[in-house]
Amino acid sequence: MSRLPEILRQHESEIYANWLREMTSAVRRSDLLSEKQLQGESKELLTAIVEGAKSGDVANLENPAWEPAKELLQSVSARRAQSGFSPSETATYILSLKRPIFEAIRKELGAKADELFSEIWTATLMIDKLALITAEAFQSTREQLITRQQQDMLELSTPVVKLWDGILALPIIGTLDSARTQVVMESLLGAVVQTNSRVAIIDITGVPTVDTLVAQHLLKTITAARLMGAECIISGVRPQIAQTIVHLGIDLSQVITKAKLSDAFALALQKSGRAVVRTTPERSPVLGNRLAANKEPKE
Amino acid sequence: MEKIPILRMGSFLLVTIQVDMHDRLAVQLQDDLTQNISDHDATGVLIDISSLEIVDSFIGRMLANIAAMARVLDAETVVVGMQPAVAITLVELGMSLSGVRTALNVESGMELLYEIRGNFHSDQDNEISQA
Amino acid sequence: MKSLKRETFPIRTSSDVVVARQKVREWALELKFSIVDQTKIVTAASELARNTLDHGKGGKVILEILDDTPRKGLKLLFEDNGPGIADLAAALRDGFTTGGGMGLGLGGSKRLVNDFALESEVGKGTKVTVVRWK
């Protein structure tokens with residue numbers, strides 16, 4: 001049976017004092033963490049570690065007695081990650097526990113070389129594992145931060161444009177996954193309310209592929225807009241997209257689709273009871289007549 | 001028991017839902033509306049839900065029911081003013097309310113009703129009264 | 001993961017369903033959820049509270065705020081000792097689109113939250129746990 005739990009308990013305050021002294025100014029980062037906070041956190045951590053070791057399972061952190069210590073480590077790590085500590089600063093913070101603990105072990109078992117070695121080995125295993133926990137916790141905090149930032153970027157990349165009174169255009173560039181769809185819906189619907197628009201043209205020229213999922217996301221957006229009283233027209237449907245849609249059996253019969261944005265705009269104008277009228281006559285008489293002949297007004 | 005007021009504008013009925021309805025109130029509204037459509041030969045119903053911050057499946061079904069029952073009584077229903085967050089949530093819930101006409105606000109809703117039903121009771125034009 | 005706040009509310013009448021909605025909205029506001037996220041969790045609460053009342057013959061809901069640094073979450077646990085759900089898979093399937101069917105709304109509610117867990121035993125009761133993270 002390891003004598004480490006007992007040693008830790010008996011020498012706790014000594015280990016704590018030595019640990020604080022052991023931390024070099026580099027690891028301390030007094031610019032990010034006040035001395036008082038550091039002392040408070042360290043004391044809490046050490047007590048939790050001593051408690052965990054009490055289970056007898058010193059190097060096996062899977063034992064439930066280690067849960068409080070692990071949770072504490074994770075939240076300390078997460079906080080430090082957010083404050084700006086580097087992962088090695090936080091890991092070194094934990095690793096600097098080694099010397100004070102080894103000192104305590106030597107005090108108890110200095111004369112017995114074999115026992116000394118064995119306890120030091122157990123202690124080192126334990127501290128290494130604790131340090132690794134901080135590294136992992138750090139990593140996951142960073143990842144969550146990145147995800148948040150990606151979310152923010154998504155919001156910026158879906159602009160809604162007012163084409164005319166009551167007519168909006170929403171060009172989508174890139175793939176339409178479920179996260180993006182949420183952002184698109186929010187932007188579009190918000191704009192519909194703000195501008196009192198009844199028609200929204202969703203242009204998918206910039207969407208590389210339209211599979212069943214993307215089609216579902218588009219349909220969701222269209223349904224949401226309809227629930228609010230705005231009608232959507234999909235434009236920018238490339239021939240390949242049209243083929244894919246038919247092959248996949250996607251039902252877009254309830255949706256108006258146009259190949260070109262200009263056609264969609266013309267339809268939107270019509271729907272809002274408007275027409276575009278030429279106010280100045282054609283320039284060149286020869287060309288003008290030809291052009292006039294080709295440009296029969298669409299009814 | 002409290003009731004949601006129904007206003008009459010010519011041959012149209014106007015309902016503004018402003019309270020967080022419990023189920024009985026919603027059922028009561030359904031009954032009142034159908035009764036009123038029949039009593040006054042209404043040809044259109046405008047339901048303003050711009051104050052509703054939550055529309056769950058029960059309320060959604062209520063709206064669909066009202067539209068269906070009104071149609072049987074030869075009246076058109078338009079639901080107006082759904083909030084964006086509500087629309088997004090309803091769609092996520094799986095409700096499309098495809099049998100219900102919608103419009104952005106009361107003004108557009110009335111325009112739509114005039115478009116589809118006209119206002120045949122011309123002597124009652126511009127008369128707003130408690131139904 | 002720590003629990004920052006925890007409170008139980010009864011679901012025995014249809015007014016309780018309205019109260020549950022209001023409480024969930026209050027707590028969601030506390031956590032500063034976006035309008036859309038607020039609406040989603042409150043609507044899910046409304047669906048599940050109604051299920052607890054109508055199918056579960058009454059029960060309770062436990063609201064809890066979770067701290068999983070750096071994120072926080074609002075957890076709702078709906079519990080009843082009603083007849084239970086025999087076919088869980090069918091219950092989770094969407095029951096309606098235009099509003100005709102009488103689906104339990106569980107499939108829809110699942111899409112409104114981040115975490116969703118359903119436990120049920122015929123004759124014993126049902127437990128639905130949902131979490132919306134910030």
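Which residues on the other side of helix 1 of chain C are exposed? Select Ser15(C), Glu26(C) and Leu29(C); exposed means that 12 or fewer other C-beta atoms lie within 10 Å of a residue's own, buried that 20 or more do, with C-beta atoms placed from the backbone.

This is a predicted model, in which local features need pLDDT of at least 70, side-chain atom pairs count only at pLDDT 80 or more, and totals for chains, interfaces and linings use all residues. Residues are numbered from 1 along each chain as its sequence is written, with chains lettered from A and ligands numbered from 1 in the order in which they are written.

Next, show the whole of helix 1 of chain C, residues 14–30. Helices here are DSSP runs of H or I with at least four residues, strands are runs of E with at least two, and both are numbered from the N terminus. The 17 residues reach 25 Å from first C-alpha to last, close to the 24 Å expected at 1.5 Å a residue, the expected span being 1.5 Å times one less than the number of residues.

Now colour Asp16(C), Val17(C), Ala20(C), Arg21(C), Val24(C), Trp27(C) and Ala28(C), which are buried. They cover an arc of only 145 degrees around the axis, so they lie on the same side of helix 1 of chain C; the arc is that of the directions from the helix axis to the C-beta atoms.

Add strand 1 (2–11), helix 2 (35–54), strand 2 (59–68) and strand 3 (71–80) of chain C, which are among what covers these buried residues. Finish at Lys32(C), just after the helix, where phi is positive at about 60 degrees.

Key. Two residues are in contact if their C-beta atoms, placed from the backbone, lie within 7 Å.
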